[in-house]
Amino acid sequence: MRKTIVLLALVAMASPLFGQQNLAEAAAAAKAARGHQSAADTPTHDQVVKLLDLLQVRKNMAVMLDGMKQAMKDGVEQGFRERVPNPTPQQLEALHGMVDDMLADLPLDEMIEAIVPIYQRHLSKSDIDEMVRFYSGPVGQKLLREQGPMLRESMEAGAQIQQKRMDQMLAKIRERVDRMMEEGSKDEKPKK
């Protein structure tokens, strides 16, 4: 029985090594496959921009940034309310204004331009053509129409989960700090 347990433990410890080897092999194969893509099959800047426009990347980035901005405002406000229990509307407005100022000058054009070479590295002209065909059709158009609301709702759901987990983590930390303080105060009591 003991030999079986030791053998199972060794197999369990070695399995990540096999996974890493397979991952490394897969990465090398993918890199080699991309290396075989000829310059003639690399999509042009204009083709990628056409796809990004069709995918409404700029609009979706703006929606994502708005969601991120709202989540930041909520988080900053919550932290502020912990320090200032009854903030004035002017204080909250100034706090929200700070977040707005921090995110006001995000360069969407620059972010989109940074995406173009990534698409060119990973997709061929025929990939781009096929995607343009799909997203130009009725199902692709429906997906594009619903993408913003789906993204917004997904971000809200994620923020709720994150907030719930954050509250749980903070509660655990408070418990541990309280225990540490109790143990520390026991140690400091004079011995008779």
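**Pocket, Confidence and Salt Bridges**

Visitor: Which element gives the most to the lining of the largest pocket?
Guide: The model is predicted: local features need pLDDT of at least 70, side-chain atom pairs count only at pLDDT 80 or more, and totals for chains, interfaces and linings use all residues. Residues are numbered from 1 along each chain as its sequence is written, and side-chain values use heavy atoms, without hydrogens or water. A pocket is an open set of points on a 1 Å grid where a 1.4 Å probe fits, with protein on both sides within 12 Å along at least five of seven lines, and lining residues have an atom within 4 Å of a point. With 10 residues, the element that gives the most to this lining is α7.

Visitor: How much space lies in the largest pocket, and which elements give two or more residues to its lining?
Guide: The space amounts to about 510 Å³. Of its 18 lining residues, the closest to the centre are Ala71, Asp74, Ala159, Gln162 and Gln163. Helices are DSSP runs (H or I, at least four residues), and the elements that give two or more residues are α3 (57-83) and α7 (138-188).

Visitor: In which helix is confidence lowest?
Guide: The mean pLDDT (the predictor's confidence in each residue, from 0 to 100) is 79 for the protein, with 78% of residues at 70 or more. Over residues 1-31 pLDDT stays under 50. Confidence is highest in helix α6 (residues 125-136), at 95, and lowest, at a mean of 41, in helix α1 (residues 2-35).

Visitor: Which residue forms a salt bridge with aspartate 100, and is that partner buried or exposed?
Guide: A salt bridge places a side-chain nitrogen of Lys or Arg within 4 Å of a carboxyl oxygen of Asp or Glu. The partner of aspartate 100 is lysine 73, with the closest N and O atoms 3.0 Å apart. The pair joins helix α4 (residues 89-103) to helix α3 across 27 residues. Because buried means under 20% relative accessible area (1.4 Å probe, protein chains only), exposed over 50% and partly exposed in between, lysine 73, at 14%, is buried.

Visitor: Which residues are linked with Lys73 in a network of salt bridges?
Guide: The whole structure holds 5 salt bridges. The network that includes Lys73 also contains Lys69 and Asp100.

Visitor: What N to O distance separates aspartate 109 and arginine 58?
Guide: Aspartate 109 lies in helix α5 (residues 108-122) and arginine 58 in helix α3, 51 residues apart. Aspartate 109 is partly exposed, at 48% relative accessibility, and arginine 58 is also partly exposed, at 40%. Their side chains meet in a salt bridge at 2.0 Å.

Key
Points joined across faces, edges and corners; volume = space filled by probe spheres on them. Contact = heavy atoms within 4.5 Å.
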